[in-house]
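Got your viewer open? Let's take a walk through this model, one selection at a time.

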Amino acid sequence: MAVSKTNMTKSELAAFKKLLHIEQATLLEIESAAKASSQTVVLDQTSVGRVSRMDAMQGQAMAIETAQRRTLRLTQIAAALKRLAQDEYGFCLDCAKLINPKRLEFDPAANRCIQCASSQC
Ligand SMILES: [Zn+2]
């Protein structure tokens, strides 16, 4: 089975590119806001008791997890934008088939078709 270039139109690709850029900008904005607020949490810890310190630690662990997820998402978006630039956007990284456009509408950074993505753990 020959792998063909994407059959999406230029305007469809441009729409996905726009979505990716918007999400990227939003995430970067949240990231800088989160960095500013995490500094406040560290300062607050000096005056709190044991229970609230536990809360603060739990909150910090969650913040770290959220930050990691955000970083991962930013990596996925950057990779999707790179694929767009290289005219390789919309293909599954595993089986090289076209990813369903409906799936891309739901997640413009998707890099695997639904079959390959769902067979992953
Ligand atoms: Zn696939």
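Start by selecting R73, which is buried because its relative accessible area is 17%, under the 20% cut-off for that word. You're standing in helix α2 here. Keep in mind as you go that this is a predicted model. Now show what surrounds R73: leaving out residues up to four places away in sequence, R73 touches E23, L27, D107, P108 and A109.

**Zoom out**

Switch to a cartoon view of the whole chain. How many helices and strands does the chain have? You should find 4 helices and 0 strands. Trace the chain from the N terminus and the elements run α-α-α-α.

Next, turn on the surface. About 8800 Å² of the chain is accessible, and 59% of that belongs to carbon and sulfur atoms. What share of the 121 residues is buried? The buried ones make up 24%.

If your viewer can draw contacts, try that too. Take the contacts in the chain with a separation of 6 or more: 59% of them are between residues 24 or more positions apart.

**Into the core**

Hide the surface and select M8, L20, I77, L84, Y89 and L104. These belong to the largest nonpolar core, which has 18 residues, and they touch the most other members. Now colour α1 (10-44) and α2 (50-85), the elements that give two or more residues to this core. Which one gives the largest share? That's α2, with 5 residues.

Stay with one core member, L84. You'll find L84 in helix α2, and L84 counts as buried because its relative accessible area is 14%. Show its contacts, skipping neighbours within four places in sequence, and you get L13, K17, L20 and Y89. Want to use the distance tool? Click the C-alpha atoms of L84 and L13: they are separated by 7.5 Å, although the two residues are 71 apart along the chain.

**A pair of rings**

Y89 came up among the contacts of L84, so follow that lead and select Y89 together with F16. How do you describe two aromatic rings? By the distance of the centres and the angle of the planes. A search of the whole structure finds 1 aromatic pair, and this is it: F16 and Y89 sit 5.6 Å centre to centre, with 50 degrees between the planes, which makes the pair tilted.

Why does this pair tie together separate parts of the chain? F16 lies in helix α1, while Y89 is in the loop between α2 and α3 (101-106), so the pair links parts that are 73 residues apart in sequence. Are the two rings' residues buried or exposed? F16 is buried, at 6% relative accessibility, and Y89 is buried as well, at 1%.

**Last stop: the zinc ion**

Finally, select the zinc ion and show the side chains around it. Which residues coordinate the zinc ion? They are C92, C95, C113 and C116, each through its SG atom, at 2.3 Å. Click through the angles among the 4 donor atoms: they run from 105 to 116 degrees, and the site is tetrahedral.

Look at the sequence panel as well. Along the chain, the donors follow the spacing C-x2-C-x17-C-x2-C.

Before you leave, check how covered two of these cysteines are. C113 counts as buried because its relative accessibility is 5%, and C116 is buried too, with a relative accessible area of 13%.

Methods:
Residues numbered from 1 in each chain as written. Predicted model: local features only at pLDDT ≥ 70, side-chain atom pairs only at ≥ 80, totals over all residues. Heavy atoms only, no water. Buried < 20%, exposed > 50% of the residue type's maximum accessible area, 1.4 Å probe, protein only. Contact = heavy atoms within 4.5 Å. Areas by Shrake-Rupley, 256 points an atom, 1.4 Å probe, with all protein chains shown as cover. Core = buried A, V, L, I, M, F, W, Y, C linked by side-chain atoms within 4.5 Å. Donors = N, O, S within 2.8 Å, 3.2 Å for Na, K, Ca; no water. Tetrahedral: all angles 85-135°; square planar, octahedral: opposite > 155°, others 65-115°. Phe/Tyr/Trp six-rings, centres within 6.5 Å; stacked < 30°, edge-to-face > 60°.
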